[in-house]
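User: I would like to go through this model with you, beginning with the strands and then turning to the empty spaces. Could you keep the answers plain?

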Amino acid sequence: LPALAEESGYFFFESRRYGKTSNRSLSELTLDWLNETFGGQERIGPRVWLREQDRITGECVSSKLRASGAQLVVAVSLGVGGNESKRVPSPFEELLLTNLLQEGCTVLLDKGAGEQELARANRLVAAVQRLGWAVEQTDATSMQTLLTRDDALNCRLLTWQGGIGAWSGLIAASDQFIGYDSAGQHIAAALEVPTIDIFPRSAAALFRQRWRPTGTGAVGIVVEGESGKESTPEGVPESVIEQVLRHTREVSRDRGRA
């Protein structure tokens, strides 16, 4: 449909055609198109400007966790926006969390949106608690109470159930972000937080190239089955866990050298 009655001043980015032979991300293609259409050679990338209250929330939570001994704070989002084909099969998510905890990470877990994602997140929390790890669960109300406490935050898994603004603040204050192809990894990359984007084996190569996060920080793409190792007979996607942990250890070493 025509967007305007008079279209002489109207410009449309045909993302499915523009740069179709390249392996650049949509963010990079958009920048190329803007420079080509309007002139210029600037190399800018996506950015996120946090609300002050969300930035303070993230920094306060991170500070409290580090005061209790947290060495590496990792934000994890396993939401898929209702598209279950984006998930790596079970028991990947439980293994991801337990392996990160065993590596010494302190994990911030977004409980996602909707009843299905909330139920899945709650099952992960229960699995972590059964293994004896300390858990703190927060939402918009309990977070305000937590922020006013004078004591350190002594837990290894902190969950967030609420809006994307506060979650973005938590991502910004983290050392790394891990998630499926969804909003979180794009926010993390735009915030210059080292990012791991996890794709299932069903995701086509061009899809992964177009939708990978773009930012000036480190971005790692992990694809189920791409390492050449098959899953165990029990269905454990060991190769994905190994790839994620390799990136996490690199972030930990970089933080240690900083």
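User: Which residue stands opposite Ser 77 in strand 5?

Analyst: Gly 179 stands opposite Ser 77. Please note that this is a predicted model, in which local features need pLDDT of at least 70, side-chain atom pairs count only at pLDDT 80 or more, and totals for chains, interfaces and linings use all residues. Residues are numbered from 1 along each chain as its sequence is written, and side-chain values use heavy atoms, with hydrogens and water left out.

User: How many bridges join strand 1 to strand 5?

Analyst: Four bridges join strand 1 (residues 72–77) to strand 5, and the two run parallel. Strands (E, at least two residues) and helices (H or I, at least four) are DSSP runs numbered from the N terminus. Two strands pair if DSSP finds at least two bridges between them.

User: What is the strand order in the sheet?

Analyst: The order is 3-4-2-1-5-6-7, in an open sheet of seven strands with parallel pairing. Strand 3 (135–139) and strand 7 stand at the edges with a single partner strand each, so one side of each is left without a neighbour in the sheet.

User: Which residue in strand 4 is opposite Thr 138?

Analyst: Trp 160 is opposite Thr 138. Strand 3 and strand 4 (residues 157–161) pair in the parallel sense over five bridges. Between these strands the chain passes through helix 5 (residues 140–148), in a right-handed β-α-β crossover. Right-handed means that, with the strands pointing away from the viewer, the path from the first strand over the helix to the second runs clockwise.

User: And strand 6, is it buried or exposed?

Analyst: Five of the five residues of strand 6 (residues 195–199) are buried, so this strand is largely enclosed by the rest of the structure. Buried means under 20% relative accessible area (1.4 Å probe, protein chains only). Thr 195, Asp 197 and Phe 199 cover one side, and Ile 196 and Ile 198 the other.

User: What are the bridge partners of Thr 195?

Analyst: Thr 195 is the bridge partner of Phe 177, and in strand 7 its partner is Val 219. Strand 6 pairs in the parallel sense with strand 5 (residues 176–180) over four bridges and with strand 7 (residues 219–223) over five. Helix 8 (residues 205–211) carries the chain from strand 6 to strand 7 in a right-handed crossover.

User: Changing topic: how many cavities of 30 Å³ or more are there?

Analyst: There is one cavity of 30 Å³ or more, with a volume of about 70 Å³. On a 1 Å grid over the protein atoms alone, a cavity is a set of points where a 1.4 Å probe fits but cannot get out; a pocket is an open set with protein on both sides within 12 Å along at least five of seven lines, and lining residues have an atom within 4 Å of a point. Grid points are joined across faces, edges and corners, and a volume is the space filled by probe spheres set on the points.

User: Which helix gives the most to the lining of the largest cavity?

Analyst: Helix 4 does, with four residues. The lining includes Arg 87, Glu 93, Asp 110, Lys 111 and Glu 117.

User: What volume does the largest pocket have?

Analyst: The largest pocket holds about 280 Å³. Among its 18 lining residues, Asp 110, Gly 112, Ala 113, Glu 117 and Ser 182 are the closest to its centre.

Key:
Buried < 20%, exposed > 50% of the residue type's maximum accessible area, 1.4 Å probe, protein only.
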